[in-house]
Amino acid sequence: MEFNSYMQMALTEARAAAKRGEVPVGAVIVDPQGQVIASDGNRTRALNDPTAHAEMLAIRAACTATGSQRLTDHAIYVTLEPCAMCAAGISAARIALLYYGASDPKSGGVAQGARVYAHPQCHHVPDVFDGIAAAESEAYLRAFFATRR
């Protein structure tokens with residue numbers, strides 16, 4: 001089976017988020033057949049909701065689309081390492097595969113910081129693949145924050 005990355009679509013969502021004045025993070029959820037079932041970018045400011053991260057919004061939309069609280073055998077592509085909240089959401093949804101771009105030394109919850117999946121209380125651990133389009137993700141985040149400082 002050939003690997004098909006959906007990171008470019010996630011980067012498109014991140015760029016759209018930046019245009020809205022949001023931190024440029026995008027997420028895409030793909031079903032086992034390779035069909036995109038949900039995608040979004042950060043909307044914390046637009047929705048006045050601190051939980052409106054790209055991953056959480058995509059998970060909510062994917063669960064609605066599938067009619068299930070579980071996204072077993074699905075994959076999520078995210079431009080930035082998920083924070084602890086999003087990592088826990090990915091686990092709760094039972095997403096099978098997590099692909100992310102840039103590492104997040106400040107707020108990451110997978111390989112950095114909280115390391116949610118390393119805790120014995122974590123009931124489901126997805127297979128994690130990092131560094132997918134990392135340079136492009138990192139460059140876009142740096143450029144976004146450079147304009148804010």
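Helices (H or I, at least four residues) and strands (E, at least two) are DSSP runs, numbered from the N terminus. The model is predicted, so local features need pLDDT of at least 70 and side-chain atom pairs count only at pLDDT 80 or more, whereas totals for chains, interfaces and linings use all residues. Residues are numbered from 1 along each chain as its sequence is written, and side-chain values use heavy atoms, with hydrogens and water left out.

**Exercise 1. The sheet**

Task: Determine in which order the 5 strands form the open sheet, and which strands are its edge strands.

Solution.

Step 1. Two strands pair if DSSP finds at least two bridges between them. On that basis the 5 strands form an open sheet in the order 2-1-3-4-5, with mixed pairing.

Step 2. Strand 2 (36-41) and strand 5 (127-129) each pair on one side only, and are the edge strands. From one strand to the next, the twist averages 15 degrees.

Step 3. Strand 3 (residues 75-80) and strand 4 (residues 97-102) run parallel and are joined by 5 bridges. Ala75 stands opposite Leu97 of strand 4, and Leu80 has Ala102 of strand 4 as its bridge partner.

Step 4. Strand 4 is mostly covered, 5 of its 6 residues being buried. Here buried means under 20% relative accessible area, exposed over 50%, and partly exposed in between (1.4 Å probe, protein chains only).

**Exercise 2. Helix 1 and its buried face**

Task: Establish whether the length of helix 1 agrees or disagrees with the expected span, and where its buried residues lie around the axis.

Solution.

Step 1. The expected span of a helix is 1.5 Å times one less than its number of residues. For the 13 residues of helix 1 (residues 7-19) this gives 18 Å, and the end C-alpha atoms are 18 Å apart, which agrees.

Step 2. The buried residues of helix 1 are Met7, Ala10, Leu11, Glu13, Ala14, Ala17 and Ala18. Seen down the axis, they fall within an arc of 155 degrees, so they line one face of helix 1; the arc is that of the directions from the helix axis to the C-beta atoms.

Step 3. A general rule applies to this pattern. An α-helix has 3.6 residues a turn, so residues three or four places apart point the same way.

Step 4. The buried residues of helix 1 pack against strand 1, strand 2, strand 3, strand 4 and helix 5, where contact means heavy atoms within 4.5 Å. Just after helix 1, Gly21 takes a positive phi of about 85 degrees.

**Exercise 3. Two residues at the helix-sheet contact**

Task: State which residues Ala10 is in contact with and which residues Thr79 touches, leaving aside neighbours within four places in sequence.

Solution.

Step 1. Ala10 belongs to helix 1 and is buried, at 0% relative accessibility. Its contacts are Gly26, Ala27, Val28, Tyr77 and Thr79.

Step 2. Ala10 and Val28 are 18 residues apart in sequence, yet their C-alpha atoms are 5.6 Å apart in space.

Step 3. Thr79, in strand 3, is likewise buried, with a relative accessible area of 1%. Thr79 touches Met7, Ala10, Leu11, Ala14, Pro24, Val25, Gly26, Gly101, Ala102 and Ser137.

**Exercise 4. Helix packing**

Task: Describe how the axes of helix 1 and helix 5 cross, and what helix 3 (residues 54-66) lies across.

Solution.

Step 1. Axes are lines fitted to C-alpha atoms, for helices over the stretch in contact, and angles run from 0 to 180 degrees between N-to-C directions. The axes of helix 1 and helix 5 come within 11 Å and cross at roughly 5 degrees. That makes helix 1 roughly parallel to helix 5; angles under 35 degrees count as roughly parallel, over 145 as roughly antiparallel, 65 to 115 as roughly perpendicular and the rest as oblique.

Step 2. In this pair, Gln8, Leu11, Ala14, Arg15 and Ala18 of helix 1 meet Glu136, Ser137, Tyr140 and Phe144 of helix 5. Helix 5 (residues 134-146) also lies across strand 3 and strand 4, at about 55 degrees to strand 4.

Step 3. Helix 3 lies across strand 1 (26-30), strand 2 and strand 3, and runs at about 150 degrees to strand 2. Its buried residues pack against strand 1, strand 2, helix 2 (44-47), strand 3 and helix 4 (84-92).
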